[in-house]
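Student: I am new to this structure and would like a close look at the surroundings of the ligand. After that, please show me how some of the helices pack.

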Amino acid sequence: MANSLSFPGPKNTNSAPRKPLARPGDFPLFIASIRRVLTCFARSLMMIGIGGNNGSTLCATILANRHNITWHTKEGVQQPNYIGSLLRASTISIGTDANGKEIHVPISDILPMVHPNDLVLGGWDISSASLEKAMVRAQVLDYDLQRQVAPHMALLGQPLPSIYYPDFIAANQEERADNLIPGTDKQVHLDQIRADIRKFKLDNGLDRVIVFWTANTERYSDIIPGVNDTADNLLNAIKNSHSEVSPSTLFAVAAILENQPFVNGAPQNTFVPGAIELAERHKSFIGGDDLKSGQTKLKSVFTEFLVNAGIKPLSIASYNHLGNNDGRNLSAERQFKSKEISKSSVVDDMVNANRLLFKAPEVSDGASIGKGEHPDHIVVIKYVPAVGDSKRAIDEYYSEIFCGGRSVINIFNECEVRVRDLLPIARWLMIFLRTPFSLLPLFWT
Ligand SMILES: NC(=O)c1ccc[n+]([C@@H]2O[C@H](COP(=O)([O-])OP(=O)(O)OC[C@H]3O[C@@H](n4cnc5c(N)ncnc54)[C@H](O)[C@@H]3O)[C@@H](O)[C@H]2O)c1
């Protein structure tokens, strides 16, 4: 089987010869033609970790939608759909009609964007399992869907070989690392990743490729002056194969140098200061700090609700268990630490936004001392193989209310198919790609 991974997708209707679409004064048609031109851009995803649960599930469900595969479950026949996707399944209010009735339209009708069915899919993995085998290994999708989508997945072939620096992910991942770019020279690795991106673009006739880290959570990289603190130091550190350059940072640098956008879907500090400076220098889009679309999203929404209602959370205690490979990797202390930092940070913004409830830090000589008043916040993650890909989370919010009263709210959630994590982020990025670099902070919150 060829050691390359790409899928041309259905014939791109955007490339069909176009008749003149707009006459002077024909504004709606003019807008429609602009939208068609814009949607020609980023229409591909290269995932790092494509053979994992997220990567293989995303590919399989896009293919199920593209080929309109229906499947039997114990509840009956299931149709493919994009429920759970912010951009395919939610609407936005655009104002009121003449009678004051609110009008909602699909978000995807307002903003020009590629339909996920048309995405060209590709990527790297340190595991050589072909995509249909990776889907079976993930144990996420119903058997009847797996069975039918398998021939389409088989066409994707094997992931491209990747880079593996054992110090950055848990030791328990070593047994799957059989698909590697040889050697230990980080400059050679960088050049190979860049060549992969260029070849993928060329083979598939693409202008843009979104490079998306959905591989295992890495440990945090130490920020070392002279190594990864500036763009030039980072490039030098790669040349010298410095041990503190992580695989995810190397992929980010490759994407930046190829002027392709890069998203980090895991919690580690991929964007060391040198990577950020390099992105600014090349005016290249980078973003992301974990997917934060399940329990963590709920936590940010719920904390915002409490604090905006004038309720003061005194403690937030989060417990999770999961039994997939992500959970296995996170059972190692240093990888868990990255997740803990990322999950804890979502509460900080809300605390900083309401100094009526939470005392601000004291200031001495113009500098803040400490973080100021803050709820106690703990995060526990346990690996329980029996539950497989089903993640269970319990969050307890213990808050102060009027005149010393107390409120306790417990939330339990169980989350299975996680495809929605990646698609909205990738498609927001497609919008950013059409936004002048200087306007980006207006969107990226
Ligand atoms: N699924 C969720 O709900 C969710 C939410 C937030 C964040 N995340 C993060 O997304 C990431 C992926 O999650 P998952 O459940 O798919 O995990 P997974 O373990 O199933 O998949 C990760 C894949 O990455 C591959 N990999 C590891 N290092 C690599 C490298 N250097 N290059 C290429 N491939 C490499 C592994 O072989 C594996 O196939 C994890 O970091 C996880 O913490 C997941």
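The answer begins at the ligand and then moves on to helix contacts.

Tutor: Happy to! This is a predicted model, in which local features need pLDDT of at least 70 and side-chain atom pairs count only at pLDDT 80 or more, while totals for chains, interfaces and linings use all residues. Residues are numbered from 1 along each chain as its sequence is written.

Let's start with the ligand. It is surrounded by 32 residues (C-beta atom, placed from the backbone, within 6 Å), and the closest are Gly49, Gly52, Asn54, Ser162 and Asn325. Two elements, α2 and α12 (325-330), give two or more residues to this shell; helices here are DSSP runs of H or I, at least four residues long, numbered from the N terminus. The shell holds 16 polar, 10 nonpolar and six charged residues. In this count, Ala, Val, Leu, Ile, Met, Phe, Trp, Tyr, Cys and Pro are nonpolar, Asp, Glu, Lys and Arg are charged, and the others, Gly among them, are polar. Because domain 1 (13-291 + 420-443) and domain 2 (295-416) both contribute to the shell, the ligand lies between them; these bounds come from an automatic or database domain assignment.

Now follow α2 away from the ligand. Helix α2 (residues 53-66) crosses helix α6 (residues 143-156) at roughly 105°, with axes (lines fitted to C-alpha atoms over the stretch in contact, angles running from 0 to 180 degrees between N-to-C directions) that come within 9 Å. That makes α2 roughly perpendicular to α6 (65 to 115 degrees). On the α2 side, Cys59, Ala60, Leu63 and Ala64 meet Leu145, Val149, His152, Met153 and Leu156 of α6 (C-beta atoms, placed from the backbone, within 7 Å). Eight residues of this contact are nonpolar, one is polar and none is charged.

Another pair to find is helix α8 (residues 231-239) and helix α10 (residues 273-282), whose axes are 7 Å apart at an angle of about 110°. They are therefore roughly perpendicular to each other. Ala231, Asn233 and Leu234 of α8 make the contact with Gly274, Ala275, Glu277, Leu278 and Arg281 of α10, a group of four nonpolar, two polar and two charged residues.

Finally, look at helix α7 (residues 186-204) and helix α9 (residues 247-257): their axes come within 9 Å and cross at roughly 50°. That makes α7 oblique to α9 (neither under 35, nor over 145, nor 65 to 115 degrees). Among the residues that meet are Leu190 and Ile193 in α7, and Phe251 and Val253 in α9. Nine nonpolar, one polar and two charged residues form this contact.

How values were computed:
Contact = placed C-beta atoms within 7 Å.
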